[in-house]
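Subject: Structure for your set

Hello,

Here is the structure I said I would pass on. My notes on helix packing and ring contacts follow it.

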Amino acid sequence: MHVVGTTKAAAPAVSPLAGEPIKRADAERLAGVLKAVADPARLRLLSLIQAAPEGEASVSDLTAPLSLSQPTVSHHLRILTEAGLLEREKRGVWAYYRLVPSAIAAIAELLTPPRKRATRKTR
């Protein structure tokens, strides 16, 4: 297994909702990750990959459902991979993408206010 494209834009450790100011570098990293998902096609890509059998998909699996060209889908996948939200595994001539669950969870955690976080964990 040859995995390419690991987390480059890691989410910061401190939430902007934690009650303390977020550091500039952390804000820039979080903004980069949020910018990556702030596109309807990319949000759909994340959901299509999550829903795919085995939790992974290739570009050829994703072009028809999105009604986008292969180069456009590849571009969006590259952005999501560089943001650390997807992993890319090369198998022969094909590349398969899968979600990085810890990255998705980290974003959700950062955007959940501390009081809600405590309530959610005790449920």
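**Helix packing**

In this predicted model, α3 and helix α4 (residues 70-82) cross at roughly 110°, and their axes come within 9 Å. The range for roughly perpendicular is 65 to 115 degrees, so α3 is roughly perpendicular to α4. On the α3 side the contact is made by V59, L62, T63 and L66, and on the α4 side by Q70, V73, S74 and L77. Sorted by class, the contact of α3 with α4 has 5 nonpolar residues, 3 polar ones and no charged ones.

α3 (residues 59-66) also packs with helix α2 (residues 40-51), with the axes 11 Å apart and an angle of about 125°. That angle puts α2 and α3 in the oblique class, because it falls outside the ranges for parallel, antiparallel and perpendicular. The crossing of α2 and α3 is right-handed. From α2, the residues A41, R44, L45, L48 and I49 take part, and they meet L62, P65 and L66 in α3. The contact of α2 with α3 divides into 7 nonpolar residues, 1 charged and no polar.

L62 and L66 of α3 appear in the contact with α2 and in the contact with α4.

**Rings**

How many aromatic pairs are there? The count comes to 0, with ring centres required to lie within 6.5 Å. A ring does take part in one contact with a charge: the charged end of R91 sits over the ring of Y96, 4.3 Å from the ring centre.

Regards

Terms used: Residues numbered from 1 in each chain as written. Predicted model: local features only at pLDDT ≥ 70, side-chain atom pairs only at ≥ 80, totals over all residues. Heavy atoms only, no water. Phe/Tyr/Trp six-rings, centres within 6.5 Å; stacked < 30°, edge-to-face > 60°. Lys NZ or Arg CZ within 6 Å of the ring centre and 35° of its normal. Axes fitted to C-alpha atoms, helices over the stretch in contact; angles between N-to-C directions. Helix = DSSP H or I, 4+ residues; strand = E, 2+ residues; numbered from the N terminus. Parallel < 35°, antiparallel > 145°, perpendicular 65-115°, else oblique. Left-handed = near helix turned anticlockwise from the far one by under 90°. Contact = heavy atoms within 4.5 Å. Nonpolar A, V, L, I, M, F, W, Y, C, P; charged D, E, K, R; others polar.
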